[in-house]
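Grab your viewer and a coffee. Below is a set of exercises, each with a worked solution to check yourself against.

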Amino acid sequence: MFFVCGKTDGSVPNTLVIANCEVVKPRVAAAEHISQFNEEARSPFVKKFKTIIHPGEVNRIRELPQNSKIVATHTDSPDVLVWDVENQPNRHAVLGATNSRPDLILTGHQDNAEFALAMCPTEPYVLSGGKDKTVVLWSIEDHITSAATGGSIIKPNSKSGEANDKTAESPSVGPRGIYCGHEDTVEDVTFCPSSAQEFCSVGDDSCLILWDARVGSSPVVKVEKAHNADLHCVDWNPHDDNLILTGSADNSVRMFDRRNLTTNGVGSPIHKFEGHKAAVLCVQWSPDKSSVFGSSAEDGLLNIWDYEKVGKKIERSGKSISAPPGLFFQHAGHRDKVVDFHWNAYDPWTIVSVSDDCESTGGGGTLQIWRMSDLIYRPEEEVLAELEKFKSHVVACASKSEK
């Protein structure tokens, strides 16, 4: 199951769509299916499960790791909306339909909070950043019932339904903490994988800030000039919580070690990854290998990197290939800027990515679910041994094509 946000041109309502997808197993695609692939056609493997009519545009979706039926959304307002998608009624997205009513509203921002949103991997905490230059932390624990009941984790007195029922307004929760330290819009936030009390944020002030809720509302460490432009995204390595990634409008991704973040007060990354030709919009570590991560950008590309490959020459047929250090795969299937992507934690090396195709197609966006061939990331010796079995067939095919 996955979630798709819908930001429309006004002819239909903004929607939050829940869909199921049958992900094809590796190496089972028939040749005729591949030859008949049409990127303009809707996939028969993706089936809508439920539609929620969202109040306002949907800019970001994050699910609660402790319960994937609970998601939070960012819209064009100061509030964060929390939804129990299992108990929300299925709606028809027709013009004039009333909005669905969120199960919980998180308040605390003083200006719009549109993109920076994260869920804690260890506790039912939500983190947000906004135009008010603050980072806000909530706990939704008071509104959670025991998972043993088999029901909703949102308390029953928060009724799901349509917003035209004036007698049943959504309950709201105030912040556990408001953290001030940025001097411009906060663009992204993330939790430390091993601590619900530690988190970091990046913003248009070119700063990376680390916070600890146990020691107050001021920064623990503030990294000035982490990049040479606005910072758009950040992610904390789930395998090694010393490593933090940032992506920026300077077209680069940088990797920081929290034990040595600055030199003379200025950001001191341990690696710089420069393979995009436009602003980087999203970065995320792979759940499958600790040294691998992805980055997507306004150039329409989604790059896969391995920092362990930095400094190593890439060779094909005995020839050295010129490629940005650390880059080992590039997904170029989108037609416009790739605004978000996620690794599938349950299906190795499988990714869902979304592009905003409004500028190139006149409206709408594209969602792709894809998996790189295992021949790309497996050990080279192992791959060569397997390919050796097919060498004669490949040579025969190549000779035919040359005739």
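What follows is a short round of tasks that goes from the whole chain down to single residues.

This is a predicted model, so to speak, with local features needing pLDDT of at least 70, side-chain atom pairs counting only at pLDDT 80 or more, and totals for chains, interfaces and linings using all residues. Residues are numbered from 1 along each chain as its sequence is written, and side-chain values use heavy atoms, with hydrogens and water left out.

**Exercise 1. Sketch the chain as a whole: its secondary structure, burial, contacts and surface.**

Step 1: count the elements. Helices (H or I, at least four residues) and strands (E, at least two) are DSSP runs, numbered from the N terminus. You should get five helices and 33 strands.

Step 2: check burial. Buried means under 20% relative accessible area, exposed over 50%, and partly exposed in between (1.4 Å probe, protein chains only). Of the 403 residues in the chain, 46% are buried.

Step 3: look at contacts, meaning heavy atoms within 4.5 Å. Take the contacts with a separation of 6 or more: 55% of them are between residues 24 or more positions apart.

Step 4: add up the surface, using Shrake-Rupley areas with a 1.4 Å probe, where for residues only the protein chains shown count as cover. The accessible surface is about 20300 Å², and carbon and sulfur atoms hold 49% of that.

**Exercise 2. Find the annotated repeats and describe two of them.**

Step 1: go to the record. UniProt, in an unreviewed entry, puts "repeat: WD" at residues 179-221, 224-257 and 273-308. Its positions are given in the numbering used here, feature names are shortened, and annotations may be inferred rather than shown by experiment.

Step 2: take residues 224-257. That span is 0% helix and 50% strand, with its end C-alpha atoms 15 Å apart.

Step 3: do likewise for residues 273-308. Here the chain is 0% helix and 50% strand, and the end C-alpha atoms are 12 Å apart.

**Exercise 3. Which side chain of opposite charge is nearest to Asp 188, and what else does Asp 188 touch?**

Step 1: locate Asp 188, which sits in strand S15 (residues 186-192).

Step 2: look for a charge partner. Lys and Arg count as positive, Asp and Glu as negative, and His and the chain ends are not counted. A salt bridge is a side-chain nitrogen of Lys or Arg within 4 Å of a carboxyl oxygen of Asp or Glu. Asp 188 is buried but has no salt bridge; Arg 60, the nearest side chain of opposite charge, is 4.2 Å away.

Step 3: try polar contacts (N or O atoms within 3.5 Å; within protein, one must be able to donate a hydrogen and the other to accept it, and residues adjacent in sequence count only if both atoms are side-chain atoms). A polar atom of the Asp 188 side chain is 2.9 Å from the backbone nitrogen of Val 234.

Step 4: list the neighbours. Beyond four places in sequence, the contacts of Asp 188 include Arg 60, Cys 200, His 232 and Val 234.

**Exercise 4. Is Thr 75 buried or exposed, and where does its side chain reach?**

Step 1: place Thr 75 in the loop between strand S5 (67-74) and strand S6 (80-84).

Step 2: read off its accessibility. With a relative accessible area of 2%, Thr 75 is buried.

Step 3: follow the side chain. One of its polar atoms lies 2.6 Å from the backbone oxygen of Glu 57. Contacts of Thr 75 beyond four places in sequence also include His 54, Leu 81 and Glu 114.

Step 4: compare C-alpha positions. Thr 75 and Arg 60 are 15 residues apart along the chain, with their C-alpha atoms separated by 7.4 Å.

**Exercise 5. Go through the salt bridges.**

Step 1: recall that side chains of opposite charge can pair when their charged atoms come close. The count here is 14 salt bridges.

Step 2: inspect Lys 47 and Glu 22, whose closest N and O atoms are 3.6 Å apart. This pair links distant parts of the chain, 25 residues apart: Lys 47 in strand S3 (residues 46-53), and Glu 22 in the loop between strand S2 (15-21) and helix H1 (31-35).

Step 3: turn to Arg 259 and Asp 257, bridged at 2.7 Å. Arg 259 is exposed at 62%, whereas Asp 257 is buried at 12%.

Step 4: find the network, which links Glu 198, Asp 212, Arg 214 and Arg 258.
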